[in-house]
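Visitor: I am new to this one. Please show it to me, and then I will ask my questions.

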Amino acid sequence: KEFLDLTIAQKGKANKAVIASNIMYVVGQYPEFLREHWRFLKTVVYKLFEFMKETHPGVQDMACETFLKISKRCSKEFVIPHD
């Protein structure tokens, strides 16, 4: 959560893009953690959608790739009801 907030606090598109790419890399590497923590997964997906609107080169592509990776590895989490 702190890393997600860091993207808001940073100044400059380049700094935000670096933080965003680091976040996307890390969350893409740990699908088992995401499957066990629905609220965090939901937050990550919302943030990925924000990154998909970003105009900095490469951020949109990485956000789409990360979302695709997460959606494949955590597919069941998106179709079952959560609180």
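Visitor: How are the contacts with a separation of 6 or more shared out: what percentage is from residues 24 or more positions apart?

Guide: First, a caution: this is a predicted model. Take the contacts in the chain with a separation of 6 or more. Residues 24 or more positions apart account for a share of 56%.

Visitor: Which elements does the chain have, and how many?

Guide: Reading from the N terminus, the order is α-α-α-α-α. Strands number zero. The helices number five.

Visitor: What is the radius of gyration of the chain, set against a compact globule?

Guide: The C-alpha trace spans about 40 × 25 × 20 Å along its principal axes. A compact globule with 83 residues would have a radius of gyration near 12 Å. The value for the chain agrees with that: 13 Å.

Visitor: How far apart are the centres of the positive and negative side chains?

Guide: The chain carries 13 positive side chains and 10 negative ones. Each set has its own centre, and the distance between the two is 3 Å.

Visitor: How many disulfides are found in the whole structure?

Guide: A disulfide needs two cysteine sulfur atoms within 2.5 Å. For Cys64, the nearest cysteine sulfur is that of Cys74, 17 Å away. So, by the 2.5 Å cut-off, the search result is zero.

Visitor: Is Cys74 buried or exposed?

Guide: Buried means under 20% relative accessible area. Cys64, at 40% relative accessibility, counts as partly exposed. Cys74 has a relative accessible area of 1%, so Cys74 is buried.

Definitions and conventions
Residues numbered from 1 in each chain as written. Predicted model: local features only at pLDDT ≥ 70, side-chain atom pairs only at ≥ 80, totals over all residues. Heavy atoms only, no water. Helix = DSSP H or I, 4+ residues; strand = E, 2+ residues; numbered from the N terminus. Rg over C-alpha atoms; globule rule 2.2 N^0.38 Å. Contact = heavy atoms within 4.5 Å. Lys, Arg positive; Asp, Glu negative; His and termini not counted. Charge placed at Lys NZ, Arg CZ, Asp CG, Glu CD. Buried < 20%, exposed > 50% of the residue type's maximum accessible area, 1.4 Å probe, protein only.
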